[in-house]
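Opening the notebook on this one. I'll jot down what I look up as I go.

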Amino acid sequence: MKAILLADLYGSRKNLYIYIPLAMAFMALAISTAATVTSLTFALCASAGAGMLPVVSMGSAEASHWDRYAQTLPGGKAQAVNARFLEALAVAGALWVYGTALFCAKAALGGWTWAEARFLAAFVPAICLLSSSLCLGAVCRLGWARGNIFFCVTICLVGASGAVSSLLGVSDAGLGNFAGSAAVLALPVAAGAFFGAVWLLSARWYEKREL
Amino acid sequence: MNAIETRGLTKHYGDFTLDNLNLTLPSGCIMGLVGENGAGKTTAIRLLLGLTRPDGGSATVLGAPVGPDMRAVKEDLGVVLDDVGYPAGLTARQMGKVLAAAYENWDTGLYESYLRDMNVPTDKKFSELSRGNKMKLGIAGALSHRAKLLILDEPTGGLDPVVRDEVVDIFGQFTRDPACSILISSHIVSDLERLCDYIAFLHKGKLLLCEEKDRLLEEYGVLQCDRAALEALAPGAVLGKRLTPYSVEALVRRDAVPAGAELRPVTIEELFVLLVKEDMR
């Protein structure tokens with residue numbers, strides 16, 4: 001699995017240069033407009049965008065047939081799946097740490113509430129885990145050629161979510177109330193459970209696939 | 001111990017079936033898998049590597065049954081697939097680090113010496129390498145962890161004759177160790193003729209024959225004669241024939257032709273072509 005992680009790290013450098021600055025910029029925007037509809041959209045973009053990194057690695061591996069060659073290396077077939085889900089966890093963790101650091105910086109300057117902090121701290125990793133597990137599961141089950149539709153749909157959903165939330169009239173006050181409620185903490189728990197279940201299923205699906 | 005053993009290995013793909021493949025490769029030997037495009041060579045190799053599940057039969061590689069978990073065996077396997085399959089964005093140097101992370105016995109010095117000897121650029125991305133350099137990189141990767149068995153799918157395809165010659169020499173050196181074996185598929189039969197101890201002919205998913213190369217060359221010969229002489233031969237003596245406007249060239253069993261008949265030695269390529277043509281008649 002170490003070999004696959006290393007290959008993904010080398011191979012996705014170009015993607016990292018695109019996705020990481022984008023995710024960081026969106027996170028900064030989300031925090032600067034904390035607990036508003038705009039904040040929600042920016043956080044969604046940051047989380048889902050970063051969550052796509054392992055999915056893109058898996059797609060590139062399939063395109064270059066590295067997925068097939070990797071199966072001839074020592075280690076079981078599931079190592080390719082485990083590596084990508086670990087990458088998704090690492091990305092979600094890194095984004096959370098970055099968000100927390102921004103909050104600390106904002107706290108030092110004043111002008112934030114615990115509710116806002118709690119909302120973004122829960123929301124960001126949850127969306128990151130949900131989006132990456134959804135797409136990774138689809139790619140493990142269907143292969144990149146057919147599963148990449150999930151990748152496109154997720155990206156489109158993220159883009160459309162801001163507009164939809166505005167159309168539905170999600171008010172700043174309403175979002176602030178939700179952010180303040182304890183229910184927001186259930187988000188990462190539910191996302192974590194979904195992520196774990198998809199991980200297990202993906203390993204099984206991938207075992208059955210002929211590469 | 002046999003390096004590879006298959007018993008009745010079968011795989012169906014739509015209109016193609018690899019049917020009842022029985023191969024035995026003793027340790028320390030090289031077996032060449034010969035066949036036209038679509039004969040089933042790659043399917044056989046993928047089955048042996050556990051990349052594809054068989055529909056019937058069984059196989060062992062280095063004594064271990066082929067299946068989803070071949071962890072211990074894979075440490076001793078060196079593999080070159082027909083398209084190599086390294087990540088497109090990685091350089092040879094980075095690929096060395098990736099493979100070092102995968103194999104316990106990885107020898108970085110040996111890998112670098114192969115790259116140097118075969119003139120593979122170390123800082124170019126894999127996707128930017130020529131087909132020949134990709135293949136050379138794949139071969140360096142397969143040889144640098146002291147594998148006991150090499151499974152090579154068309155490893156000399158795309159290489160120029162000089163490099164092919166060097167690569168064939170490297171494979172020859174690899175099997176100087178009696179514990180090391182090679183299964184190699186190729187269209188370039190002359191390479192296999194030079195290298196292999198055993199030859200297996202695949203045609204339309206069926207194994208036409210699998211024998212020691214020297215025995216094949218001893219057992220069969222080419223008889224140049226006229227049609228009347230050919231028809232006078234015992235039934236079963238002729239395995240294949242090529243008609244020319246003036247005479248007939250027939251692949252015959254040496255022990256089935258009358259003493260005194262002038263036979264010339266058969267090459268593995270001729271043997272394969274004549275057998276396949278006969279099968280297609």
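How are helix 1 of chain A and helix 3 of chain B oriented to each other: roughly parallel or roughly antiparallel? Before I answer, a note to self: this is a predicted model.

I pulled the helix axes. Helix 1 of chain A covers residues 2-11 and helix 3 of chain B covers residues 92-102. Their axes come within 7 Å and cross at roughly 160 degrees. Angles over 145 degrees count as roughly antiparallel, so helix 1 of chain A and helix 3 of chain B are roughly antiparallel to each other. I also looked up the handedness of this crossing, and it is right-handed.

Next I listed who meets whom. From helix 1 of chain A I have A:Lys2, A:Ala3, A:Leu6, A:Ala7 and A:Tyr10. Facing them in helix 3 of chain B are B:Gln94, B:Lys97, B:Val98, B:Leu99, B:Ala101 and B:Ala102. Sorted by class, this helix contact has eight nonpolar, one polar and two charged residues.

Then I went to the whole contact between the chains. Chain A puts in 24 residues and chain B 26. On the chain B side, helix 2 (71-74), strand 6 (77-80) and helix 3 each supply at least two residues. Helix 3 of chain B gives the most, with six. By class, I get 15 nonpolar, four polar and seven charged residues for the side of chain B that touches chain A.

Last, chain A by itself. I find 10 helices and zero strands there. Of its 211 residues, 46% count as buried. Among contacts in chain A with a separation of 6 or more, 84% are between residues 24 or more positions apart.

Definitions and conventions. Residues numbered from 1 in each chain as written. Chains lettered and ligands numbered in written order. Predicted model: local features only at pLDDT ≥ 70, side-chain atom pairs only at ≥ 80, totals over all residues. Axes fitted to C-alpha atoms, helices over the stretch in contact; angles between N-to-C directions. Helix = DSSP H or I, 4+ residues; strand = E, 2+ residues; numbered from the N terminus. Parallel < 35°, antiparallel > 145°, perpendicular 65-115°, else oblique. Left-handed = near helix turned anticlockwise from the far one by under 90°. Contact = placed C-beta atoms within 7 Å. Nonpolar A, V, L, I, M, F, W, Y, C, P; charged D, E, K, R; others polar. Buried ≥ 20, exposed ≤ 12 C-beta atoms within 10 Å, placed from the backbone.
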